[in-house]
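Here is a short set of exercises to work through with the model open beside you. Try each task before you read its solution.

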Amino acid sequence: MAELLQVIRGMHDILPADMPVWNQLEDEYRALVESYGYRQIRTPIVEKTALFARSIGAVTDIVEKEMYSFEDRNGDSLSLRPENTASVVRAGLQAGMLSEQQHRLWYSGPMFRHERPQKGRYRQFHQFGAETFGIAGADIEAELILIAARFWKRLGLTDIDLQINSLGSNECRQRFRSILVEYFRDHYDALDEDSRRRLETNPLRILDSKNPEMQDLIEAAPALQDSLDQESRDHFDELTDILDKTGVSYEVNQRLVRGLDYYCHTVFEWVTETLGAQGTVCGGGRYDGLVEQLGGKPNYAAGFSMGCERLVSMLIDQDRAQAETGCDVYLSMRGANSVAVAQRLAENLRDHLPRLELVVHAGGGSFKSQMRKADKSGARIALILGESEIEADTVAVKFLREERPQEEIPQADLVTKMTSLLGNNQRT
Ligand code: ATP
Ligand code: MG
């Protein structure tokens with residue numbers, strides 16, 4: 001028999017069993033971004049190598065060691081795209097789209113990076129992205145963050161946290177760069193080989209180093225925030241103000257610089273602890289300057305991209321957890337007498353809805369930990385009996401898998417309510 005040929009290391013087949021999750025993800029993403037007015041764009045998978053060298057930066061990991069580059073039959077150097085932002089800018093410029101108007105665009109597709117394969121890190125992987133052009137303010141950065149936040153909500157993914165930072169204007173970045181170079185020069189002996197090289201070419205990237213031995217030095221480095229001018233501060237304040245008012249929680253991470261060279265002002269990452277080392281599921285920010293760098297008139301730009309494999313992996317873990325304990329309703333309670341009331345309501349529900357899969361929380365614990373259990377249980381609905389509900393003979397109905405406001409109903413109406421909500425949806 002002939003030898004079996006294997007798939008290329010770091011690349012994966014997506015077999016029928018996993019396709020439903022991929023399709024769900026893609027359908028949700030498309031519907032979501034289009035509802036915000038983003039229009040789809042598709043660019044070729046292969047581009048001239050020069051496009052990526054000029055945009056991403058010749059001294060980034062991506063261009064230095066991760067690109068699949070090869071010579072075309074006519075001698076041109078071509079590369080499989082490692083990311084899609086540069087291609088979108090190139091396409092926009094070529095089509096004459098990026099001169100005046102505003103644009104909101106989205107894409108999805110495979111990217112290629114010759115990295116060391118491990119869980120969550122592959123040589124062919126997929127990204128969803130969004131790019132906006134012609135919009136200068138923090139409002140569009142906030143919009144991009146809100147889109148991602150809503151995406152996690154729609155997917156039912158609760159363990160993803162937002163980190164943000166400001167790199168400031170180009171002038172601030174230059175100023176910070178010299179301060180940083182001075183600092184790292186003073187600690188030259190403690191730098192690893194990569195960092196020594198970057199010291200000359202791209203010192204900000206040293207802050208991005210994943211080398212554990214470098215972390216103390218990086219921790220003690222001068223903070224970028226101290227180099228921000230008033231305008232950059234105002235820009236960042238406007239962003240945090242919108243996030244505060246729209247209820248998006250975030251952490252300012254002074255060390256967040258992102259790997260790519262073309263960012264300024266806002267940078268952000270969405271990170272989860274559930275995936276191990278490869279925990280960043282989405283990264284983005286502002287990249288004014290790139291359009292000009294690629295030969296266009298100067299233009300504002302901001303966007304993000306997210307890693308589909310990492311999201312798929314989270315969705316599969318979530319499905320598995322739900323399959324293990326799956327139930328329809330999780331009843332949580334808190335405060336004196338609440339357990340007895342909860343049990344009485346639950347028994348009454350079981351009388352009327354014999355097929356209902358209802359888990360009544362046991363073992364106490366904070367409200368937050370009860371809600372986490374409710375989420376892990378796979379339940380569609382959490383019923384909540386807090387002190388105020390007990391007092392008022394009501395129960396709160398919280399929808400865990402859909403965007404729908406929480407309701408407060410009289411305990412006496414619970415059976416009717418559950419029948420109408422779960423009537424056709426009860427598991428058999
Ligand atoms: P990382 O720090 O994980 O290397 P990155 O900064 O190189 O990420 P970006 O270029 O910002 O990543 O790409 C956006 C997203 O694409 C990442 O947050 C991640 O979810 C995903 N991603 C990047 N590289 C890979 C890869 N080799 N395999 C799978 N997903 C990836
Ligand atoms: Mg990387």
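**Exercise 1. The shell around the ligand**

Which element gives the most residues to the shell around ligand 1? Work it out step by step.

*Solution.* Before starting, note that this is a predicted model, in which local features need pLDDT of at least 70, side-chain atom pairs count only at pLDDT 80 or more, and totals for chains, interfaces and linings use all residues. Residues are numbered from 1 along each chain as its sequence is written, chains are lettered from A and ligands numbered from 1 in the order in which they are written, and side-chain values use heavy atoms, with hydrogens and water left out.

Step 1: collect the shell. A residue is near the ligand if one of its heavy atoms lies within 4 Å of it. Ligand 1 is surrounded by 15 residues, and the closest are Arg-113, Glu-115, Arg-121, Arg-258 and Thr-280.

Step 2: look at polar atoms (for a polar contact, a pair of N or O atoms within 3.5 Å; within protein, one must be able to donate a hydrogen and the other to accept it, and residues adjacent in sequence count only if both atoms are side-chain atoms). Thr-280 places a backbone N or O atom 2.8 Å from an oxygen atom of ligand 1. Arg-310 has a side-chain N or O atom 3.1 Å from an oxygen atom of the ligand, and for the side chain of Lys-210 the value is 3.5 Å.

Step 3: check the cover. Ligand 1 taken alone exposes 580 Å², of which the protein buries 91%. These accessible areas come from the Shrake-Rupley method with a 1.4 Å probe; for residues, only the protein chains shown count as cover.

Step 4: assign the elements. Helices (H or I, at least four residues) and strands (E, at least two) are DSSP runs, numbered from the N terminus. Two or more shell residues come from each of β6 (124-133), β10 (280-286) and β11 (301-307). The answer is β10, with three residues.

Step 5: sort by class. The shell holds six charged, five polar and four nonpolar residues. Here Ala, Val, Leu, Ile, Met, Phe, Trp, Tyr, Cys and Pro count as nonpolar, Asp, Glu, Lys and Arg as charged, and the others, Gly among them, as polar.

**Exercise 2. A helix and its cover**

Why is helix α4 described as largely enclosed by the rest of the structure?

*Solution.* Step 1: set the scale. Buried means under 20% relative accessible area, exposed over 50%, and partly exposed in between (1.4 Å probe, protein chains only).

Step 2: count. Helix α4 (residues 85-94) has ten residues and seven of them are buried, so the rest of the structure largely encloses it. The buried ones are Thr-85, Ala-86, Ser-87, Val-88, Val-89, Ala-91 and Gly-92.

Step 3: find the cover. Among the elements over these residues are β2 (46-48), α2 (49-55), β5 (103-112), β6 and α10 (290-293).

Step 4: move just past the helix, where Gly-96 has a positive phi of about 70 degrees.

**Exercise 3. Two positive phi values**

Is Asp-393 buried, exposed or partly exposed? Compare your answer with His-265.

*Solution.* Step 1: Asp-393 sits in the loop between α14 (387-392) and β15 (394-399). Its phi is positive, about 55 degrees, although Asp-393 is not a glycine. With a relative accessible area of 49%, Asp-393 is partly exposed.

Step 2: His-265 belongs to strand β9 (residues 264-272) and has a positive phi near 50 degrees. At 11% relative accessible area, His-265 is buried.

**Exercise 4. Two buried residues**

Which residues does Met-333 contact beyond four places in sequence? Then do the same for Ser-195.

*Solution.* Step 1: contact means heavy atoms within 4.5 Å. Met-333, in strand β12 (residues 329-333), is buried at 7% relative accessibility.

Step 2: its contacts are Ser-338, Val-339, Ala-342, Val-360, His-361, Gln-370 and Leu-385. The C-alpha atoms of Met-333 and Ile-384 are 5.7 Å apart, with their positions 51 residues apart along the chain.

Step 3: Ser-195 lies in helix α7 (residues 193-201) and is buried, at 1%. Beyond four places in sequence, Ser-195 contacts Ile-206 and Met-214. Its side chain also makes a polar contact of 2.5 Å with that of Asp-192.
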